[in-house]
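Please keep the model open while you go through this note. The points below run from the whole chain down to single residues.

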Amino acid sequence: MRKILVVMLLAGMINTVQAQEQGLWKAQLHRADGNHIVFNFELRHEGGKTVWYILNASERMRVDNIGAAGDSLLVQMPVFESQFRVKLLSDKKIAGWWIRSTSKGHIQMPFTAELGNGERFEVKQPALHNITGRWATFFGQSGKALTDTTVGEFVQKGNDLSGSILTSTGDYRYLGGVVSGDTLKLSTFDGVHAFLFTAKINNDHSISGGDFYSGPAAHENWLAEKNANAGLPNDAAMYLRPGQSKLNFRFPDLNKKMVSINDARFKNKVVVIQIMGSWCPNCMDETAFLSDFYRKNKQRGVEIIGLAYEYSTDFERSRKSLLKFKERFGVEYPILVTGVTVMDEQKTEKTLPQLTPIKSFPSTIFIDKTGKVAKLEAGFTGPGTGVHYEEMKKEFNETIDRLLQ
């Protein structure tokens with residue numbers, strides 16, 4: 001009798017998970033100020049499993065860890081400490097919460113999604129301007145001078161708009177949206193980033209009146225000026241301290257085996273050190289790139305080591321989150337847990353005292369075959385940036401080729 005009840009319960013849970021209809025769903029993360037962050041996902045049933053594909057411009061983020069938890073659905077994001085806990089209001093509508101863990105607790109936002117409720121943003125009229133190109137963009141708080149120069153890269157085809165915002169520490173990944181009349185709207189959601197941009201397009205070289213909404217409550221103003229030569233400040237750079245030429249570290253990997261940069265495995269090889277964290281979207285993009293690069297190039301005498309700075313000093317929490325990275329991208333190189341949190345102001349001194357402070361996640365350190373630091377790079381320009389990503393790959397490969405010679 002007990003076995004029958006268990007089977008019936010499991011069947012009910014499976015039916016609950018698969019009750020949602022396949023197709024394009026429109027989702028919203030609800031903000032108290034009414035500026036809800038909108039995104040789309042495609043729901044499919046594959047091999048007896050319910051799968052979401054979260055859509056951001058050309059990105060299709062596969063989310064396949066979906067199961068029943070009591071009377072709710074629990075949708076675990078594939079990489080980050082991020083999940084949806086929702087209830088089925090019908091086979092075409094769900095509602096609940098997006099919950100993201102941080103170093104200080106949890107962020108929660110009300111969440112709803114509905115099948116067949118349209119694309120991300122409504123287009124009410126043809127686009128009056130085309131903003132394809134490179135833009136100097138400026139962000140700041142209301143009532144204050146806009147500073148923090150960044151670079152916007154946009155591609156517009158009719159009403160469709162995509163692109164990214166580049167900063168000195170990384171990029172905003174894949175932004176997708178529309179231009180309707182003289183108004184632009186862009187958004188993205190990846191499990192950490194939850195962004196909405198709106199603005200007025202004055203003409204082909206001026207954007208003003210911009211609002212940037214992030215997460216439950218954050219807000220900034222922004223504007224942009226078209227500038228093919230717009231550049232980024234070098235304010236995230238790190239350097240070797242005077243008198244230093246080599247790193248010296250030893251940390252546990254995800255199986256608690258101690259790994260040192262001085263191990264025989266890394267002798268007479270070019271070594272790439274990845275400064276990262278499992279909470280970091282740009283680190284996700286870099287991990288995908290490095291994992292693929294390592295599989296194709298390790299036989300040439302190249303090694304990679306990931307150094308993780310997590311939200312907590314709890315090894316098991318860090319390990320669980322980093323394993324999602326490792327499994328998602330098939331990482332074959334060691335990821336080491338530094339045991340020092342990203343919020344620790346002394347994190348560099350405690351882990352890599354040979355360097356000036358780490359200001360950007362990710363950052364990349366190239367070590368030559370003699371064990372000396374040859375190059376340091378802050379930030380990572382990901383695939384959402386288009387041509388800039390291709391330039392980054394070209395420069396990365398040229399650096400490795402030069403160090404291998």
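1. Terms first. Helices (H or I, at least four residues) and strands (E, at least two) are DSSP runs, numbered from the N terminus. With that in hand, Asp204 can be placed in the loop between strand 16 (194–203) and strand 17 (206–214).

2. Ground rules. This is a predicted model, in which local features need pLDDT of at least 70 and side-chain atom pairs count only at pLDDT 80 or more, while totals for chains, interfaces and linings use all residues. Residues are numbered from 1 along each chain as its sequence is written, and side-chain values use heavy atoms, with hydrogens and water left out.

3. Confidence. The mean pLDDT (the predictor's confidence in each residue, from 0 to 100) of the chain is 93. Of its residues, 94% reach 70 or more. Residues 1–14 have pLDDT below 50. Beyond near neighbours in sequence, that stretch has 1 contact in the model (contact means heavy atoms within 4.5 Å). Where pLDDT is low, the predicted coordinates should not be read in detail.

4. Overall build. The chain holds 5 helices and 25 strands. Its radius of gyration (taken over C-alpha atoms) is 23 Å, close to the 22 Å that the globule rule (2.2 Å times the number of residues to the power 0.38) gives for 405 residues, so the chain is as compact as a globular protein of that length. Along the principal axes, the C-alpha atoms fill a box of roughly 70 × 65 × 35 Å.

5. Burial and surface. Buried means under 20% relative accessible area, exposed over 50%, and partly exposed in between (1.4 Å probe, protein chains only). Of the 405 residues, 51% count as buried. The chain exposes about 18,400 Å² (Shrake-Rupley method, 1.4 Å probe; for residues, only the protein chains shown count as cover), and carbon and sulfur atoms supply 50% of that area. Among contacts between residues at least 6 apart in sequence, 58% join residues at least 24 apart.

6. Helix 5. This helix covers residues 387–404, 18 in number. From first C-alpha to last it reaches 26 Å, close to the 26 Å expected at 1.5 Å a residue (the expected span is 1.5 Å times one less than the number of residues). Which residues of helix 5 are buried? They are His388, Tyr389, Met392, Phe396, Thr399, Ile400, Leu403 and Leu404. These cover an arc (of the directions from the helix axis to the C-beta atoms) of only 145 degrees, which puts them on the same side of helix 5.

7. Helices 2 and 3. Helix 3 (315–329) has 15 residues and reaches 21 Å, close to the 21 Å expected. Its buried residues are Phe315, Ser318, Ser321, Leu322, Leu323, Phe325 and Phe329. Their cover includes helix 2 (281–297), strand 19 (250–252), strand 21, strand 22 (302–308) and strand 23 (335–337). Helix 2 has 13 of its 17 residues buried, so it is largely enclosed by the rest of the structure. Its end C-alpha atoms are 24 Å apart, which agrees with the expected span of 24 Å.

8. Asp204 again. At 40% relative accessibility, Asp204 counts as partly exposed. Asn130 is 74 residues away in sequence, yet 6.0 Å away C-alpha to C-alpha. Not counting residues up to four places away in sequence, Asp204 touches His129, Asn130, Trp135 and Lys226.

9. Thr149. This residue lies in strand 11 (147–157). It counts as partly exposed, at 31% relative accessibility. Leaving aside neighbours within four places in sequence, Thr149 contacts Thr137, Phe138, Gly231, Leu232 and Pro233.

10. Backbone points to check. Phe361 and Pro362 are joined by a cis peptide bond, with omega about 0 degrees. Pro362 sits in the loop between helix 4 (347–351) and strand 24 (363–367). Ala57 is not a glycine, yet its phi is positive, near 55 degrees. Its loop runs between strand 3 (49–56) and strand 4 (59–63). Asn268 also is not a glycine and has a positive phi, about 60 degrees. Asn268 is exposed, with a relative accessible area of 63%.
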